[in-house]
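Dear colleague,

I am passing the structure below on to you, and my notes on it follow directly underneath. Please read them alongside the coordinates.

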Number of protein chains: 2
Amino acid sequence: MIRQFFSTNKHALLYGLSLACLIALLKGLEIRYFIFDHSIEIYIGAIAIIFTALGIWLAMKLSRPKIERIVVEKEVFINSGPSVVNEKEITKIGLSNREIEVLRFMAKGLSNQEIASQLYVSLNTVKTHASNIFMKLDVNKRVQAIEKARELGLLNIEKLPG
Amino acid sequence: MIRQFFSTNKHALLYGLSLACLIALLKGLEIRYFIFDHSIEIYIGAIAIIFTALGIWLAMKLSRPKIERIVVEKEVFINSGPSVVNEKEITKIGLSNREIEVLRFMAKGLSNQEIASQLYVSLNTVKTHASNIFMKLDVNKRVQAIEKARELGLLNIEKLPG
DNA sequence: TTTCAGCTCATACTTTCGGGTGATTTTGCA
DNA sequence: TGCAAAATCACCCGAAAGTATGAGCTGAAA
């Protein structure tokens with residue numbers, strides 16, 4: 001505790017010591033006799049000025065430089081969230097391969113019949129897939145499903161998972 | 001020149017003045033007589049310490065801080081395309097105020113009936129608006145309309161035009 | 001081998017959408 | 001004050017979407 005104080009304030013103590021030495025020196029030289037006896041105030045004033053200067057110098061030396069930190073926010077534009085398909089979400093939700101295909105066609109605005117034609121399956125199959133998609137995404141309309149899929153990043157162009 | 005010096009060093013001059021006042025005060029109180037005559041050195045030491053402290057304080061006050069600029073990169077995600085509502089497109093396409101409202105509800109996945117309830121109008125009215133929207137956007141399915149609106153940046157949150 | 005998930009398809013039914021047409025009321029602007 | 005645009009509502013009909021249920025087929029895992 002005390003040792004720490006000594007080590008951290010080493011400079012200050014040193015300066016204090018040299019200060020004391022200076023006083024001793026002043027006394028030793030008997031400068032005050034050099035000045036007229038009635039002008040003790042001048043002497044004190046001189047002392048005051050000297051030590052004020054010393055204090056300023058001390059402060060300059062000791063005080064760590066005052067640093068004013070100005071935080072400049074530089075805006076870095078990033079081209080929209082995850083452009084990579086969010087496979088984690090897909091597996092978490094449990095969407096099958098085929099279901100994601102259907103989901104993406106749905107998002108492109110194709111009707112169930114059109115999706116059926118694209119995938120070479122029947123309309124009923126597409127409807128079943130759609131129902132399962134809605135169940136897994138916890139919605140009951142295709143627009144909501146698309147909305148949710150968009151939020152979760154399921155609609156990005158990439159190869160289908162595994 | 002001189003005036004500028006006075007104005008810029010106003011604080012320093014003030015402190016100097018108060019310093020002089022302090023000396024006068026010390027003299028006025030004749031503190032030195034309170035202290036034993038032979039211990040004039042103690043008096044001087046006290047003066048020295050006081051003015052050193054004063055100097056330090058002065059330095060603290062006066063030293064202007066070093067300014068350090070810290071550039072922080074703030075990531076701004078662009079939601080692909082204009083994040084501000086594209087009023088030009090709206091006026092170009094000729095979508096009315098109400099139609100945009102309906103369009104946005106549609107994009108949230110609400111059914112026509114739900115939109116009607118939200119807007120306190122009849123289902124038929126919403127259907128009419130929807131038809132007009134499809135006509136103006138040159139599509140024939142709500143999912144396509146939403147898709148197109150999203151491309152054109154018509155779905156961003158902002159006050160409606162007009 | 002059995003089990004199970006995924007994909008397929010079907011039937012039947014209800015709800016919602018979308019297109020077409022026509023009409024009345026509000027409202028902003030000249 | 002009157003007109004044009006906007007907003008409102010109605011009715012009909014067919015198409016599409018969504019719900020519910022059941023079932024056959026396949027490949028991989030237990």
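The residues of the surface near DNA strand D divide into two nonpolar, eleven polar and four charged, where Ala, Val, Leu, Ile, Met, Phe, Trp, Tyr, Cys and Pro count as nonpolar, Asp, Glu, Lys and Arg as charged, and the others, Gly among them, as polar. This is a predicted model, in which local features need pLDDT of at least 70 and side-chain atom pairs count only at pLDDT 80 or more, while totals for chains, interfaces and linings use all residues. Residues are numbered from 1 along each chain as its sequence is written, chains are lettered from A and ligands numbered from 1 in the order in which they are written, and side-chain values use heavy atoms, with hydrogens and water left out.

Of the 17 residues around DNA strand D, those that come nearest are A:Lys127, A:Arg142, B:Ser96, B:Arg98 and B:Ser122, a residue being near a strand if one of its heavy atoms lies within 4 Å of it. Among the strand's atoms within 4 Å of the protein, 67% belong to sugar or phosphate, and the rest to bases.

Three polar contacts (pairs of N or O atoms within 3.5 Å; within protein, one must be able to donate a hydrogen and the other to accept it, and residues adjacent in sequence count only if both atoms are side-chain atoms) involve phosphate oxygens of DNA strand D: a polar side-chain atom of B:Ser96 lies 2.2 Å from one, a polar side-chain atom of B:His129 lies 2.8 Å from one, and a polar backbone atom of A:Asn112 is 2.8 Å from one. Two or more residues of the surface near this strand are given by each of helix 8 of chain A and helix 6 (97-107) and helix 8 (123-137) of chain B, helices being DSSP runs of H or I with at least four residues, numbered from the N terminus. The largest share, four residues, comes from helix 8 of chain B.

In chain A, helix 6 is mostly covered, with eight of its eleven residues buried, that is, under 20% relative accessible area with a 1.4 Å probe and protein chains only. A:Glu99 lies in this helix and counts as buried because its relative accessibility is 5%. Its side chain reaches the backbone nitrogen of A:Ser96 at 2.8 Å. Leaving aside neighbours within four places in sequence, A:Glu99 is in contact (heavy atoms within 4.5 Å) with A:Gly94, A:His129, A:Asn132, A:Ile133 and A:Lys136. After helix 6 of chain A comes A:Gly109, whose phi is positive, near 95 degrees.

Best regards

Notes
Buried < 20%, exposed > 50% of the residue type's maximum accessible area, 1.4 Å probe, protein only.
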